[in-house]
Structures are given as C-alpha cells and as structure tokens.
Amino acid sequence: MSDPNKPFFIGFAPAPKALRALLILSSLVLVLLFGAIGWAIGITMADPGDGRFRGDLRRQTVTGVLETMPYPMVHITEGSQALPEGRTILLAGQGKFGMQDRVDGMDGQMVTVSGNILRRGALDMLQLRFGMNGLTGAAGDAPEITREPLGRWKLAGEICDGKCLAGAMRPGTGLAHKACANLCLAGGVSPVFVSSQPVEGSEFLLIGDADGGPAGDWLADHTAIYVSLEGELERRGDLLVLLVDPETIEVLP
C-alpha cells in the first residue's frame, strides 16, 4: 500500500513543503527553455532592416516640383534639415492609399507638402497629412526636371510596396508580406524594386510600366518573391525609375 504521508502535489491545494523546491526549479527550467526556443526562432528570421516611421524627425514641410508619373514624387527645391534641397521623395496617403487622386492635373507644378517621413536607407517617402494641409500649390516657376536615360537593364530582386518597405511595416519584404503589399499596391502606393545588387549606387528603384505610366495588374502576381525583370532605367533627380517590360519577368528559385 502507498505511503499516506508521502507528499503529493494537487493543483487546487497548497504545495507540500517537500515539493516546493522541485516545483520552483521546474518552473525556472521551463521559463528558460521557452525563452531559449523563442530566441532560437528569432535569430533565424531575416533582419527587417532599418525602415521605420521617423517620428523623431517630427512633421516635415518642404516645397518642390511635383512629378506624377509613374507615381507621385516631389523634387525638393526648398527643404529642411531632414529633407534637403535636391532630394527626391515619394508620396503616400494615409493607410494603404497612394496620392494619384490628390495630384491629378498638378504634374510639373510647384507644391508644398507636409507629413511624416518613412525612411529605409536612401529611400524616403512622405505620408501626407489629411486634407489640403498635406498638399498645396506653391508660388514660383517650377524648374525643369531632367530625365537621364541609363539604358536597358536586367535585374534580379523583389517587388515591394514602397510604403511598407520604407517603414510602415516591419518586415515590409518577403513572402509573409505579400497580401499586405498587394493591398497597398491596389490602393495606389508606389511599387519599389529592391535589387539584389546596387544599381548606379542604389538598391531601391521606383517601378513604372513600359509606357511610363503606373504599373499594371501584373504586379500582384510578382510581389514578395525573387524575380528577374528588364526595363529602361532613368535617373530623375536622385531617384532611379525603372520602366518595366512585364513580358520579361521571370520567377527565380
């Protein structure tokens, strides 16, 4: 017959004194074990990079020349410390929306834009404030923005939505982000190609269609995966724009 005086743990009763040390030790081992498992999983994940909302820079207001194709961008002529003159920035609306509707008919005009910076490396995007406070016309003659043709290129890399890539989401790349990327792109957010190798000093290229307009429906099938593609490359300000021929896109292993 079992010893009736042998200590026995019951969940709804106080722990016997003889078992307390064992229970405390077991609990500590389990906490450390699960912590180690979480750490091991974490180090296998890809680094999400440095992209983020730059709340530390507060709201920025700059003036420049608006270019609407293939996606809205501003070539800054009167900048700030965070966004200096000569910088070219992409524009985005609140949430998963671009700016096409708000910039209709304003191509080539001087504008003042105000909002919060998203920044990833050399890629800058400004999420504009609601209403007219985010985008207004500005006085002055707009200087001509030169487009420097850089020839036809074949590149390998990943197609992302520029807003999440720049820092609205972490990570803003990879297959786990595909559905979110496609929602952003469907809402008009600028697509950005992340090249596996630097191109003319940059790894981030704004994507347009071969005719110079916004990219078509072909984007959705090729986001967040490793692909190769070809297109004509242009330099506009300090931003590279790749006008992609959709028929050249291939999924790579």
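Which residues of helix α4 (residues 178-186) are buried? They are Cys180, Ala181, Asn182, Cys184 and Leu185, where buried means under 20% relative accessible area, exposed means over 50%, and partly exposed is in between (1.4 Å probe, protein chains only). What covers these residues includes β8 (147-161), α3 (162-168) and β9 (191-199). Just after α4, glycine 188 takes a positive phi of about 100°.

Before going further, a word on what you're looking at. This is a predicted model, in which local features need pLDDT of at least 70 and side-chain atom pairs count only at pLDDT 80 or more, while totals for chains, interfaces and linings use all residues. Residues are numbered from 1 along each chain as its sequence is written, and side-chain values use heavy atoms, with hydrogens and water left out.

Now step back to the whole chain. The protein has 4 helices and 12 strands; helices (H or I, at least four residues) and strands (E, at least two) are DSSP runs, numbered from the N terminus. Its radius of gyration is 26 Å, well over the 18 Å that the globule rule gives for 253 residues, so the protein is more spread out than a compact globule. That radius is taken over C-alpha atoms, and the globule rule is 2.2 Å times the number of residues to the power 0.38. Laid along the principal axes, the C-alpha atoms fill a box of roughly 100 × 40 × 30 Å. Of the 253 residues, 44% count as buried. Among contacts with a separation of 6 or more, 70% come from residues 24 or more positions apart, a contact being heavy atoms within 4.5 Å.

The surface is next. Its accessible area is about 13700 Å², with 58% belonging to carbon and sulfur atoms; the areas come from the Shrake-Rupley method with a 1.4 Å probe, and for residues only the protein chains shown count as cover. As for charge, the mean positions of the 21 positive and 29 negative charges are 15 Å apart. In that count Lys and Arg are positive and Asp and Glu negative, with His and the chain ends not counted; each charge is placed at NZ of Lys, CZ of Arg, CG of Asp or CD of Glu.

Let's follow some strands. Strand β2 (residues 60-67) runs antiparallel to strand β3 (residues 73-78), and 5 bridges join them; two strands pair if DSSP finds at least two bridges between them. Here glycine 64 stands opposite isoleucine 76 in β3. The two strands form a hairpin with 5 residues between them, and proline 70 lies in that loop between β2 and β3. The peptide bond leading into proline 70 from methionine 69 is cis, with omega near 5°. On to the next partner: β3 is also joined to strand β4 (residues 88-92), antiparallel, by 3 bridges, with histidine 75 partnered by threonine 88 in β4.

Glutamine 100 sits in helix α2 (residues 100-103) and counts as partly exposed at 27% relative accessibility. Leaving out residues up to four places away in sequence, glutamine 100 touches Tyr71, Pro72 and Gly188. You met Gly188 earlier, just after α4.

Back around α4, β8 and β9 pair in the antiparallel sense over 5 bridges, with glutamate 158 opposite valine 194 in β9. β9 also pairs antiparallel with strand β10 (residues 202-209), over 4 bridges, and there valine 194 stands opposite phenylalanine 204. β9 and β10 form a hairpin with 2 residues between them. Glutamate 200 in its turn has a phi near 50°, a positive value in a residue other than glycine, and is partly exposed at 40% relative accessibility.

Alanine 224 has a positive phi too, about 65°. This residue lies in the loop between β10 and β11 (226-236), and is buried, with a relative accessible area of 8%. For another cis bond, look at arginine 170 to proline 171, where omega is about 0°; proline 171 lies in the loop between α3 and α4.

Finally, leucine 118 is in strand β5 (residues 110-120). How buried or exposed is leucine 118? At 0% relative accessibility, leucine 118 counts as buried. Its contacts beyond four places in sequence include Arg52, Phe53, Met125, Lys163 and Ala166.
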